[in-house]
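Load the model in a viewer and keep the selection tool at hand. The stops below are meant to be followed in order.

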Amino acid sequence: MRNYLLPALLTFAIPVYAQHEESDSLALRQLATEVLTHSKAYSNLKVLTEQVGGRLAGSPQMVKAEKWGEKVLKDAGADTVYTQACQVPHWVRGAKEEVRIISRRRDFIPPLNVLALGNSVGSNPAGITAPVLEVSSFEDLEAKKDQVKGKIVFYNYAFKPEFIRTFESYGDAVRYRGQGASRAAKYGALAVVVRSMTHGANNLPHTGAMHYNDSFPKIPAVAIGLEDAALLSNRLKGESDLKLYLKTNCKMLPDTTGHNVIGEIRGTEFPDQIITVGGHLDSWDVNQGAHDDGTGCVQSVELLRAFKALGIKPKRTIRIVLFANEENGTRGGQKYAAEAKAKGEHHIFALESDAGGFTPRGFSFTMPAEKQAKIISWAPLFRPYDVYDFTAAGGGVDVGELYEAIGTPMGELMPDSQRYFDLHHAANDTFEAVNKRELELGAFSMAGLIYLIDKYGL
């Protein structure tokens, strides 16, 4: 969810900008020209998405993606490239899910378009056949708790369209994906079907991680496309005895070893002060993971490449991190933060790109007000590039682990969000969905912000 700082913060920040040198505007112009003219981000993304593909933690594609990450960081000119091992979950989807309506009408209805939720258990080999109970919310579930036992619970909670920033819709609805199975299992449900986390005008289901409460039985969970969610809801209104047949084949295997892939430019004046920039290297298995989060990875690498191409020698060490296992465990972010804390590292800022590769609008931040005021004072430097919003609160999931562990100020690139949840965790998150120009503008915006933070500190 995005919050906003008081307007007074902006008022405080404006006089600070007057102190900045004219050279900052020139430096950002040079960065923009370099990225928009010579960027490798789009070509790097094409290799990641089309030659590696979906790269869920524990999969063979995870290993291929790690090798890709080492190569692109070396090619970009990193002073050092290394990996950081961590144990990651190894969830396997298995054969295609099957959910069918069983009706006394005996009319033909194609199988419903569903995807098992990440970390879900599978059904028994024969599948589950049971009546369906539709609920509109957790409050509705509680009101109907005596009807749940022996049924498949259908959470039909829609993305709220009135939120302009669609991450607010996601933050509002995602609890049904994350908690829905255990909340229903508490009252004896056999499985759950969750309306997909999207307002997209299609029938593509959107997977994503769910979590079990160990106090209750673990039951299968699937996401359903919006058109089929409407179909199921309409059929239930006229058929009280309607049933579903549900069969999933997923399972959780023992943890395996994954890696954060890290490249650095060592600082010339304050090498022990670290600025982290990154995205997550893993993706779901049902797509190419282009916007989520291939774009964040290649934008982070492009920042390093542009600095090297322009001969920018940062004062502080800039560390590019391609995080492991953000999607269904955040083990990479946890490992990175734990090592930073154990080594007593001095991290002055951490930036993530994990909100898609669409047109950049600004950045969100979590940090003390005086530090954010300093960043807001640089806003006029970004206005020629239509990047203007520096007031939202937030930060990426992976760098959030660093914030929680040692209090590092953090931020996240904030692109236009209107199209993101049309493809988030769905089959259409492919290379073709990424616009080269938008991708590069995001990479430049990140590079410009990091240039200024390195130059002036926080």
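Select α6, residues 166-185. This helix gives the lining of the largest pocket its largest share, eight residues. The coordinates come from a predicted model, with a mean pLDDT of 95 over the chain and 96% of residues at 70 or more.

Keep α6 shown and add α12 (397-406), β15 (410-415) and α13 (420-423); each of these four elements supplies at least two lining residues. The pocket they contribute to has a volume of about 830 Å³. Its lining counts 33 residues, and those closest to the centre are Phe167, Tyr170, Glu326, Asp354 and Val397. Show these five as sticks to mark the middle of the pocket.

Next, colour the lining by class. What is its make-up in nonpolar, polar and charged residues? There are 14 polar residues, 11 nonpolar and eight charged.

Then colour by domain: domain 1 covers 17-91 and 253-456, while domain 2 covers 94-249. Each domain provides at least three residues of the pocket lining.

Move to α8, residues 290-309. Of its 20 residues, 18 are buried, so the rest of the structure largely encloses this helix. Select His291, which is located in α8. Is His291 buried or exposed? Its relative accessible area is 0%, and because buried means under 20%, His291 counts as buried.

Display the surroundings of His291. Beyond its neighbours within four places in sequence, His291 is in contact with Gly356, Gly357, Phe358, Tyr420, Leu423, Asp429, Ala433 and Val434. Now step past the end of the helix: α8 is followed by Gly311, where phi is positive, near 70°.

Select Arg29 for the next stop, in helix α2 (residues 22-38). Arg29 has a relative accessibility of 40%; this lies between the limits of 20% and 50%, so Arg29 is classed as partly exposed. Add Arg437 and draw a distance between the two C-alpha atoms: they are 16 Å apart in space, with the two positions 408 residues apart in sequence numbering.

Finish at residues 1-19, where pLDDT stays under 50. How many contacts beyond four places in sequence does the model have for this stretch? The model has 35 of them. Where pLDDT is low, predicted coordinates should not be read in detail.

Note on methods: Residues are numbered from 1 along each chain as its sequence is written. This is a predicted model: local features need pLDDT of at least 70, side-chain atom pairs count only at pLDDT 80 or more; totals for chains, interfaces and linings use all residues. Side-chain values use heavy atoms; hydrogens and water are left out. Buried means under 20% relative accessible area, exposed over 50%, partly exposed in between (1.4 Å probe, protein chains only). pLDDT is the predictor's confidence in each residue, from 0 to 100. Contact means heavy atoms within 4.5 Å. On a 1 Å grid over the protein atoms alone, a cavity is a set of points where a 1.4 Å probe fits but cannot get out, and a pocket is an open set with protein on both sides within 12 Å along at least five of seven lines; lining residues have an atom within 4 Å of a point. Grid points are joined across faces, edges and corners, and a volume is the space filled by probe spheres set on the points. Ala, Val, Leu, Ile, Met, Phe, Trp, Tyr, Cys and Pro count as nonpolar, Asp, Glu, Lys and Arg as charged, and the others, Gly among them, as polar. Domain bounds come from an automatic or database domain assignment.
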